[in-house]
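Visitor: Hello! I am new to this one, so could you show it to me and take my questions one at a time?

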Amino acid sequence: MDEDSSEHGTAEQWPAGGALLDEVPRDGGVEGPIVIANEFADVVVTRVHTRNGVRLDIWSPRRGTRVQLDAVELDCLSYQEPETFTEMLERKPGG
């Protein structure tokens with residue numbers, strides 16, 4: 001893998017911004033929680049409606065922590081560099 005590519009392909013292979021929006025169901029297409037787990041972590045992801053709009057609820061049963069993110073916060077995650085997540089993983093929860 002060269003330095004400009006990742007497991008998700010190169011930036012040149014990505015569709016133009018907004019190109020896939022017509023292919024994604026407007027209602028989300030998924031009902032109920034989604035569980036994502038491996039040997040290090042497990043999270044339950046659910047779309048929730050709050051009085052301030054739709055949020056993505058991310059719950060870690062193993063840690064007993066939860067966060068709800070709105071569209072702007074999720075969009076912000078989409079353009080972070082991998083190093084940002086590496087730094088986040090190095091922090092202790094609550095520290």
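Visitor: What percentage of the residues of the chain count as buried?
Guide: Welcome! Please keep in mind that this is a predicted model. A residue counts as buried when its relative accessible area is under 20%. Of the 95 residues of the chain, the share that counts as buried is 8%.

Visitor: Which pattern does the chain follow, read along the sequence?
Guide: The secondary structure comes to 2 helices and 4 strands. Reading along the sequence, you meet them in the pattern β-β-β-β-α-α.

Visitor: In what order do the strands form the sheet, and which are the edge strands?
Guide: The 4 strands make an open sheet with antiparallel pairing, and their order is β1-β2-β3-β4. An edge strand pairs on one side only, and that is the case for β1 (34–37) and β4 (65–69). From one strand to the next, the twist averages 25°. So that you have the names together, because each pairs on one side only, the edge strands are β1 and β4.

Visitor: Over how many bridges do β3 and β4 pair, and which residue in β4 stands opposite isoleucine 58?
Guide: Strand β3 covers residues 53–60, and its antiparallel pairing with β4 runs over 5 bridges. As for isoleucine 58, the residue opposite it in β4 is valine 67.

Visitor: Which strands does helix α1 touch, and what angle does its direction make with that of β4?
Guide: Helix α1 spans residues 71–78 and packs on the sheet. The strands it touches there are β3 and β4. Its direction and that of β4 make an angle of about 100°.

Visitor: Is serine 60 buried or exposed?
Guide: You can find serine 60 in strand β3. Not counting residues up to four places away in sequence, serine 60 touches Asp42, Val43 and Thr65. Its relative accessibility is 11%, so serine 60 counts as buried.

Visitor: Why does phenylalanine 85 count as partly exposed?
Guide: Look at helix α2, residues 82–90, where phenylalanine 85 lies. Partly exposed residues fall between the buried limit of under 20% and the exposed limit of over 50%. Phenylalanine 85 counts as partly exposed because its relative accessibility is 33%.

Visitor: How much accessible area do Leu77, Phe85 and Met88 have together?
Guide: These residues form a nonpolar patch on the surface. Together, Leu77, Phe85 and Met88 have an accessible area of about 240 Å².

Visitor: And what share of the area that the chain exposes do carbon and sulfur atoms supply?
Guide: The chain exposes about 8,300 Å². Of that area, the share from carbon and sulfur atoms is 55%.

Definitions and conventions
Residues numbered from 1 in each chain as written. Predicted model: local features only at pLDDT ≥ 70, side-chain atom pairs only at ≥ 80, totals over all residues. Heavy atoms only, no water. Patch = residues over 30% accessible without salt bridge, like charges linked within 9 Å, V, L, I, M, F, W, Y side chains within 5 Å. Areas by Shrake-Rupley, 256 points an atom, 1.4 Å probe, with all protein chains shown as cover. Salt bridge = Lys/Arg side-chain N within 4 Å of Asp/Glu carboxyl O. Buried < 20%, exposed > 50% of the residue type's maximum accessible area, 1.4 Å probe, protein only. Pairing = 2+ DSSP bridges. Axes fitted to C-alpha atoms, helices over the stretch in contact; angles between N-to-C directions. Contact = heavy atoms within 4.5 Å.
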